[in-house]
Number of protein chains: 2
Amino acid sequence: MTRVRVDLMISLDGFATTTDQTPEEPFGQDWARLTAAYAQTRTFRERVLHDTSGEGESGVDDDYAARYFEGIGAEIMGAAMFGLHAHPDDTDWRGWWGEEPPFGVPVFVLTHAPRPAIGFANGTSFDFLTATPEEALAVATEAAAGADVRVGGGPTTVRSFLAAGLVDQLHVAITPILLGRGIRLWDDLRGLEDGYRVTTEGAPSGVTHLTFSRDARA
Amino acid sequence: MTRVRVDLMISLDGFATTTDQTPEEPFGQDWARLTAAYAQTRTFRERVLHDTSGEGESGVDDDYAARYFEGIGAEIMGAAMFGLHAHPDDTDWRGWWGEEPPFGVPVFVLTHAPRPAIGFANGTSFDFLTATPEEALAVATEAAAGADVRVGGGPTTVRSFLAAGLVDQLHVAITPILLGRGIRLWDDLRGLEDGYRVTTEGAPSGVTHLTFSRDARA
C-alpha cells in the first residue's frame with residue numbers, strides 16, 4: 001500500500017523557509033543553520049554530495065536521514081522548491097541538484113506554467129503538472145507502482161497536502177533556532193494531530209524528530 | 001548563584017495560551033489537552049492536587065515536573081497568570097490555587113494596579129509590583145536568598161524576560177497538538193538561542209522537553 005510521506009526541517013518557531021537569500025548567497029546563511037545537523041550526516045554526504053568516503057555523523061539524525069531515502073517510488077514538489085520562482089526566465093533550468101539529482105524516481109513539479117519533461121541518467125525525471133493535490137497524488141501513486149510517494153516541499157505545497165488530509169506520515173526535524181520570519185509550516189492546521197500517532201525523539205545535535213503517522217489510505 | 005528559570009508548556013505551533021475559555025469551562029478544553037501529560041505525572045498529583053496516594057506516571061515527563069519544584073526561592077508572574085485580568089473587580093481574589101498554592105515561596109505579581117500582599121500558611125505569599133523585568137528580578141533575587149528565581153508566566157511576561165536577556169534556563173514542554181490560536185511564545189525572539197546550550201528529550205507521551213541553558217549571570 002502506497003503511503004504519502006513528508007519530511008521537513010523547521011525552526012523551533014515553525015519556519016520552514018529562510019528569507020536571507022542574496023545573489024551572492026542564493027540559500028542564505030539561515031538555511032545552513034536550519035539544515036546543519038542534516039548536512040553532517042553520513043547519509044547526506046553519500047546521497048546528496050556523492051561523497052563515498054564514509055565520513056559523516058551516524059546516530060539519530062543519520063537514522064532519520066537514511067529513512068528519508070527508503071521506499072520512495074515518486075515525489076511531488078512545488079514550483080518554488082524546483083527553482084522556477086527563482087529562475088522564472090530560464091527555460092533550460094534543470095533544478096538545483098546538478099546532473100545527479102538525489103531522487104532517482106519520477107518527480108512531479110506542480111506549476112501553473114508547465115514545461116517539457118526532463119530526464120537524468122540516474123532515474124530521476126521531472127514532469128511538470130498543473131493539478132490539485134489529489135490529482136497530483138493520483139499521478140504520482142501510479143508512477144510509484146506500490147512504493148511510497150513523498151511530498152517533498154516546499155512548505156506551502158506540504159501544507160496544501162496536509163490540509164487536504166492526504167499525508168500518512170509527517171516527519172519534522174525541529175532545529176532549535178528561532179528564525180522569526182519565513183513561511184510557517186503549522187499555520188491554519190489546528191487539530192492536524194487528530195487520527196495520527198505522534199512520537200518524538202531527541203538527537204544529541206539538539207534536533208527533535210517528530211513523527212505523525214497513520215495507516216495508509218491511498 | 002541565583003539562576004533565572006522558566007518552565008512553560010506550549011503547543012507544537014508555539015502557543016502558550018488557549019482561547020476556548022467559557023464561563024462554564026474557565027480553563028477551556030484546549031488547556032487540558034495542552035497539559036494532559038503533565039497532569040498525569042506523580043509530581044503534579046502530589047504537588048498541585050495534594051494527592052498523597054503515590055499514583056501517577058513516572059518517567060521523563062515526571063522527571064521534568066519534579067525538577068520544576070526544585071531549588072526555587074521566589075517566583076515572578078504576570079497579572080493575567082495570577083487571575084487579575086479574569087477577575088478585575090474582585091478585590092478579594094487570592095489566585096487560582098486555593099488555600100495551598102503550589103509555590104511555598106514569595107511570589108511577585110507584576111501589575112499596573114498593585115493591591116495589598118496576601119500570605120498563606122504554606123509559605124506562599126503574593127506581593128504586587130509595578131516594575132520592569134529587571135526591577136522585579138532584583139526584588140525576587142533578594143527574596144530567593146541564593147536559591148533560583150522562576151519566571152512562572154504567562155507567555156507575555158516570559159517573553160519580556162527572554163527579550164531582556166534575563167533568563168538562564170528555559171525549559172519548554174512541547175505538546176504535539178496544533179492549537180492555531182493564542183499567544184505565541186516565540187514571536188519576535190529571533191536568535192534567542194545565541195549563548196545557550198540546547199538539549200532535547202522526547203517522552204513516550206509524545207511531549208518534547210527542550211532546555212536552553214547558560215551559566216547564571218544574576
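Here are some short exercises, each with a worked solution, on the predicted model shown above.

**Exercise 1. Follow the sheet of chain A**

Task: Find how many strands form the open sheet of chain A, and in which order they lie.

Solution:
- Step 1. Walk across the sheet from one side to the other: the order is β4-β5-β3-β2-β6-β1-β7-β9-β8, which makes 9 strands. The pairing in this sheet is mixed.
- Step 2. Now look at the two ends of that order. β4 (118-119) and β8 (197-202) of chain A are the edge strands, and each of them pairs on one side only.
- Step 3. It helps to recall what holds such a sheet together. Strands of a sheet pair through backbone hydrogen bonds, either parallel or antiparallel.

**Exercise 2. Parallel or antiparallel?**

Task: For β5(A), decide in which sense it pairs with β3(A) and in which sense with β4(A).

Solution:
- Step 1. Start with β3(A). This strand and β5(A) are joined by 5 bridges and pair in the parallel sense. To see one bridge for yourself, find A:P106, whose partner in β5(A) is A:S125.
- Step 2. Turn to β4(A). Here 2 bridges link the strand to β5(A), and the two run antiparallel. A:I118 has A:F126 as its bridge partner in β5(A).
- Step 3. Look at the connection. β4(A) and β5(A) make a hairpin, with 5 residues between them. In its turn, A:G123 has a positive phi of about 95°.
- Step 4. Check the surroundings. Of the 5 residues of β5(A), 4 are buried, so this strand is largely enclosed by the rest of the structure.
- Step 5. Compare with another pair in the sheet: β1(A) and β6(A) run parallel and are joined by 2 bridges. The partner of A:R5 in β6(A) is A:R150.

**Exercise 3. One helix, step by step**

Task: Check the span of helix α6 of chain A against its number of residues, then find which of its residues are buried.

Solution:
- Step 1. α6(A) covers residues 133-144, which is 12 residues. The expected span is 1.5 Å times one less than the number of residues, so the helix should span 16 Å.
- Step 2. The end C-alpha atoms are 16 Å apart, which agrees with the expected value.
- Step 3. The buried residues of α6(A) are A:P133, A:A136, A:L137, A:A140 and A:A144. They lie on the same side of the helix, because they cover an arc of only 100° around the axis.
- Step 4. Ask what covers them: the neighbours include β1 (4-11), β2 (72-78), β3 (106-110), β5 (125-129), β6 (148-153) and α7 (155-163) of chain A.
- Step 5. The helix lies across β1, β2, β3, β5 and β6 of chain A, and runs at about 155° to β2(A).
- Step 6. Just after the helix, A:A145 has a positive phi of about 50°.

**Exercise 4. Unusual backbone spots**

Task: Find where cis peptide bonds occur in chain A and in chain B, and say whether A:D188 is buried or exposed.

Solution:
- Step 1. Keep the usual case in mind. Most residues other than glycine have a negative phi, and most peptide bonds are trans.
- Step 2. In chain A, the cis bond joins A:G153 and A:G154, with omega about -10°. A:G154 sits in the loop between β6 and α7 of that chain.
- Step 3. In chain B, B:G153 and B:G154 are joined by a cis bond, with omega about -5°. B:G154 is in the loop between β6 (148-153) and α7 (155-163) of chain B.
- Step 4. A:D188 is not a glycine, but has a positive phi of about 60°. Its place is the loop between β7 and β8 of chain A. Its relative accessibility is 74%, so A:D188 counts as exposed.
- Step 5. B:H50 also has a positive phi, near 60°, and lies in the loop between α3 (42-47) and α4 (60-68) of chain B. At 37% relative accessibility, B:H50 counts as partly exposed.

**Exercise 5. Where the chains meet**

Task: Describe the contact between chain A and chain B by residues and by area.

Solution:
- Step 1. By residues, 29 of chain A are in contact with 29 of chain B.
- Step 2. By area, about 2,200 Å² is buried between the chains, and carbon and sulfur atoms give 54% of that.
- Step 3. On the chain A side, A:L12, A:L178 and A:R190 lose the most area to chain B, together 31% of what that side buries.

Definitions and conventions. Residues numbered from 1 in each chain as written. Chains lettered and ligands numbered in written order. Predicted model: local features only at pLDDT ≥ 70, side-chain atom pairs only at ≥ 80, totals over all residues. Heavy atoms only, no water. Buried < 20%, exposed > 50% of the residue type's maximum accessible area, 1.4 Å probe, protein only. Arc of directions from axis to C-beta. Contact = heavy atoms within 4.5 Å. Pairing = 2+ DSSP bridges. Axes fitted to C-alpha atoms, helices over the stretch in contact; angles between N-to-C directions. Buried area = accessible area lost by both parts, 1.4 Å probe.
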